[in-house]
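Me: Please take a close look at a single strand and its pairing. Keep it brisk.

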Amino acid sequence: MHVVALRPHYEIATKYGQYWCEELYNKYATKLGYVVVDLYREICTQTKLIDVVESVNPVLIAGVCHGNVDVIVGQYNKILFKVGDENTAKIVKGRHVWMLSCLAGKELLPWMVNQCGAETTMGYKEEFIFVISSYPNSYAEPFFKSHFSGLQAFLNGKRAIDAFNITLSTFKKYLDDPKIPEQIKPYLLHDMKCAVFFGNGEARINPPGGVMKRAVINVKTVSYTHLRAHETSLHIV
């Protein structure tokens, strides 16, 4: 069973995104027995995605990309998905599309389900904001682990709506953790509140071999004292 990873890498936000997508999606799916088609850097384009869809018929497309209300882009801001685009409609029909992309949850993701026949979509209706310090870990970690916890559960065979709720509960776990610095919690709360799901909540992906494993997200925390002057928040826009 094939799944697709969308991993552009051309500036600082996608530098973090591609790393965590590899760690929490690509490697995790591979351990479960999925074949991951990794569209990384220059091959993260719509043309290549169409080729993959036609050749291996992936059940799931996921990744970390810049986006807006009606578009998600890949390497160097080249269009991957867009409202009204015939190629997008063909790519997503009958598939699951779970993306960490700003604003796409407003128009693009519901359009995929309602007009194109996508089985489920998940993303964010406002800007996804994460805080960075040392690459690739530290402050950025709870943001990406919260997002990918639900995707991991979905890969494990959980119902789509239950997997989405695991993302929300993981955000909440970090918000309640006293080891997480208070300075980053408003951004975690923001991302949790703007996460959205569309489509068939009863849908499942059966793990290769048909054996459901327990989804576990290891919450690694580090005690931080303050945000230093050079540390900042990043918007995946």
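Reply: What follows is a close look at strand β3 and its partners. This is a predicted model, where local features need pLDDT of at least 70, side-chain atom pairs count only at pLDDT 80 or more, and totals for chains, interfaces and linings use all residues. Residues are numbered from 1 along each chain as its sequence is written, and side-chain values use heavy atoms, with hydrogens and water left out.

Strand β3 covers residues 60-64. Strands here are DSSP runs of E with at least two residues, numbered from the N terminus. β3 is mostly covered, with five of its five residues buried. Buried means under 20% relative accessible area, with a 1.4 Å probe and protein chains only. L60, A62 and V64 point one way from β3. I61 and G63 point the other way. In a regular strand the side chains alternate between the two faces of the sheet.

Now the neighbours. Two strands pair if DSSP finds at least two bridges between them. Strand β1 (residues 2-7) pairs with β3 in the parallel sense, over four bridges. There, G63 of β3 is the bridge partner of L6. Strand β7 (residues 96-100) also pairs with β3 in the parallel sense, over five bridges. W98 in β7 is the bridge partner of A62.

Elsewhere, β4, β5 and β6 form an open sheet in that order, with antiparallel pairing. β4 (67-68) and β6 (79-82) stand at the edges, each with a single partner strand, so one side of each is left without a neighbour in the sheet. β4 pairs with β5 (residues 71-73) over two bridges. G67 stands opposite I72 in β5.

Methods
Buried means under 20% relative accessible area, exposed over 50%, partly exposed in between (1.4 Å probe, protein chains only).
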